[in-house]
Structure formats: structure tokens, C-alpha cells
Amino acid sequence: MLHKFGTPAYRMEAHLLNVAQFLGLRASYIITPTALTFVIWSEGHEEEYTHAARVNPGELDLGALARTDELVDSLSSGQVTLEQANERLDEIDTMPNPYNRIATGAAFVLSGGAFAMLMGTSWNDVLWSGLISLVVYLFVLWSGRSKRVAHMLEPLVAIVAALIACGISVYLDPGINIRMVILSAIIVFIPGLALTLGFAELSARHLVSGTARVMDALMLLFKLYFGAFLGIALGFSLFGQVEFVAPTPIEKWTAWVAIALLCMSLIIIFRTRKRHAPWSMAAGFIAYGSSIAGAMYLDSALGTFIGAFSVAVYSNLFTRLANAPACIVAMQGLIVLVPGSKTYIGLNSLISGQEFIATDSIGQQTFIIFMSLVAGLIFGNVALPPKKSL
């Protein structure tokens, strides 16, 4: 269940060891994105119970994660029995999405528009990014009904977003930044968070899980970029090209509005419980504000270290005050900081030789940001140790 909800391997193994210790058992776990291995035995007995399962990489469901953590606390305090806890796990597993399809669709629109706003492009790009994100969400709904669509969802949505953006540039708005709008429309799929978690697992010496997660994220990134590359080529062939008319860029202060909109959309997409929503919103502002403040005195990439440090301390403080997993708010802050979009931009510059935003040393910046994120999380957890293993 924890794996299904997207828990990192190092946190999940620590949590399972705590549960086994409470039950008076000895246990060993090997957790990877695609396989789970459990070995459980009692003190003084030679017999072991071994179980291995083939699983698919989990998706973030922060509401279900919080409910599962509460269930462990209830079991530890004696409020529920082991049999009742097992039944409750089945109930959590089958619970419907607390947010309806309209709210989720609106969240996709907000995420695309907010990211374009955060990148400081133009209001034209913000508008079209949001509308194309809505089309992307329709394909997400379709993938829930068709296994074939689900199998090729990432490159498919990138192709569709690219075709629509090319058509808009020719027939509706020559001021659209095609590649930026495509990136904004598919930003939900960009695996920056998965890359960061993979590096965090590697730094925690979970080598197999970390390597697997990093490679899975890179393959997803390649699929998205190939889809966008193919879609642009098809779009230019079908619709032709027009001369780009540079629109007026948006004001810098709108970045704070973008953070608010992005965090609101992530609360719905990650199915965060409503009582944790204000904490999650604050995490986004803390991450962005502290990184900006750090960049004023350090290098802009090293400012990410300050942001990650602040997120780690804040999430551990949230655990102590709200008695809930730190992941609930840490994920929000990390997504504001992660350089997944910069990895995509660097890949575009490497392959096509074109830059759709002004960037200097994008590869070096991306690498430093990744390292700063991991280091910030480590130092933050040392400064204020987590109360919970999740």
C-alpha cells in the first residue's frame, strides 16, 4: 500500500521496520520501484517467512498515505486490532478520488498556466498552456479506460500538445512560444521529482532502488521529448510556420501568484486531504521564497540548497505539529524546486540546437540544482530530525 502511494524506498523500509518492531518481529526488506521482498522471523526461531512481489512504480496519493499512517498509529496505540487494520487497508485502497473530475481537470489547467507564468514568458503562453493542459487531461481520462492509450500516454500527450501549439501559432496567435507552451502543458508528466527522489535514494545508499528510479525518470523524459519533437515536425509539415511575434512579457511579481496556483493544482492532483492543504500551500511559498533569498547571496543554483533545507525543516516541523507524514508537504516544496523542466530544456538544446528561453550553462545548472536539493534535504533532516519514518 505504501509503495502504491509513491513512498520513497528508504522511508518505506524504515517505516516497515518500525511496524515489525512494534509487533515483536524481526524483519528485513528490499524495496525497489518494481519489486518488494520481505523476510520476517520471530526472535529465537529459525523459520522464516519470505515473500516477493512484482509491482508497478507507485503514483503519489498523499491523502491515502496520510490515512495509512494514521492507521499505523491507531494500531500502535491499541485502538484497532491487526484484523481491523487489515480491513481498513482494503477500504483505503478502494476509496474514490476525493476530488471530482471537474476539479481535477481544473487542476491540470491551473498547473499548465501556472508553470508558464512561473517561467516568466507572456500572457499568451499562459492562456494557451492552460487550454492545452485541459486537452491533455482528456487523454488522461481516456487512458483510464484503455490500456493501449495508457501504455503510450506520455509520448501521445506530447505529440497532441505539439500539434495543437503549432496550429495555434499559424491560425490564431503568432506570439505563442511553441516549445514553452508544450512544456507547460505536459509539466505534470515531467519527472523532475522522480529524478530528485532517485538521487536522494542513492545518497541514502539505496543503490538498486535509486538507480532504477533515475533510469525510469530518464526514460519518461525521453518519451516526452520524442513526442514533442515528433509533434512539432508533424505540425510544421501540416500547418507550416509563421514568423514569431514577441509579445509583452509578464511582470516578475506574478511568480508569487503562479506559486499559489501551482500549489492549489498539486493539492488536487496529489489528492491531498483538505486539512493538510494550508500546510502544503505554505510549503510551496517557503520553498520558492527561501530559494530566491538564498540566490541573492549565493549562486542562483545554490539558492536551491537553501530552499531544500527550508523544506526539510518545515516538513519535519509539520510532522511534529500535525502528526502526519512529512512527505505530504515536502513533495509540494520539492516540486517547486526540482529542475525537471531544465532537464527538458537542456535536452532540447542538445538535440535541436535551439533554445526556447534564455539559458546559460543549462546542463551545469541542472546538475548543481540536483546536488543542492539532495544536500539540502540531508542537512535539513539533521538540523531537525524527523519524528516519523514516513
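Colleague: Why does glutamate 154 count as buried?

Modeller: This is a predicted model, and its relative accessibility for glutamate 154 is 16%. Buried means under 20%, so at 16% glutamate 154 counts as buried.

Colleague: Where is glutamate 154, and what does it touch?

Modeller: Glutamate 154 sits in helix α7, residues 153-171. Leaving out residues up to four places away in sequence, glutamate 154 touches Phe189, Leu220, Lys223 and Leu224. To be called a contact, heavy atoms must lie within 4.5 Å.

Colleague: What makes cysteine 166 buried or exposed?

Modeller: The relative accessible area of cysteine 166 is 0%. The limit for buried is under 20%, so cysteine 166 is buried. Cysteine 166 is also found in helix α7.

Colleague: Which residues does cysteine 166 touch, not counting those up to four places away in sequence?

Modeller: They are Ile178, Gly231, Ile232, Gly235, Phe236 and Phe239. For one of them, glycine 235, there is also a C-alpha separation from cysteine 166 of 5.3 Å, although the two are 69 residues apart along the chain.

Colleague: Why is aspartate 216 called partly exposed?

Modeller: Its relative accessible area is 46%. Buried would need under 20% and exposed over 50%; 46% falls in between, so aspartate 216 is partly exposed. Aspartate 216 belongs to helix α10, residues 207-239. Between the C-alpha atoms of aspartate 216 and proline 191 there are 8.9 Å, with their positions 25 residues apart along the chain.

Colleague: How do you know whether histidine 276 is buried or exposed?

Modeller: Histidine 276 has a relative accessible area of 4%. Set against the limit of under 20%, that value makes histidine 276 buried, so the label follows. Histidine 276 is in the loop between α11 (254-269) and α12 (277-297). With neighbours within four places in sequence set aside, histidine 276 is in contact with Ala66, Phe318, Ala324 and Ile328.

Colleague: What makes β1 and β2 a pair?

Modeller: A pair needs at least two bridges between the strands. β1 and β2 have 6 bridges, in the antiparallel sense, so they qualify as a pair. Serine 28 stands opposite valine 39 in β2, and a hairpin of 3 residues joins β1 to β2.

Colleague: Which side chains of β1 are buried?

Modeller: Ala27, Tyr29 and Ile31 are buried and point to one face of β1. Arg26, Ser28 and Ile30 point to the other face and are not buried.

Colleague: What lines the second largest pocket?

Modeller: There are 27 lining residues, and Met1, Leu16, Val19, Phe38 and Leu89 lie nearest the centre. By class, the lining has 21 nonpolar, 4 polar and 2 charged residues. Elements that each supply at least two lining residues include β1 (26-31), β2 (35-41) and α2 (62-76). The space in this pocket is about 950 Å³.

Colleague: How do you know whether the radius of gyration of the protein chain agrees with that of a compact globule?

Modeller: For 390 residues, a compact globule would have a radius of gyration near 21 Å. The protein chain has 22 Å, so the value agrees. Along its principal axes, the C-alpha trace spans about 75 × 50 × 35 Å. The protein chain holds 16 helices and 3 strands, and buried residues make up 51% of its 390 residues.

Methods. Residues numbered from 1 in each chain as written. Predicted model: local features only at pLDDT ≥ 70, side-chain atom pairs only at ≥ 80, totals over all residues. Heavy atoms only, no water. 1 Å grid on protein atoms, 1.4 Å probe; cavity = no way out; pocket = protein on both sides within 12 Å on 5 of 7 lines; lining within 4 Å. Points joined across faces, edges and corners; volume = space filled by probe spheres on them. Helix = DSSP H or I, 4+ residues; strand = E, 2+ residues; numbered from the N terminus. Nonpolar A, V, L, I, M, F, W, Y, C, P; charged D, E, K, R; others polar. Buried < 20%, exposed > 50% of the residue type's maximum accessible area, 1.4 Å probe, protein only. Rg over C-alpha atoms; globule rule 2.2 N^0.38 Å.
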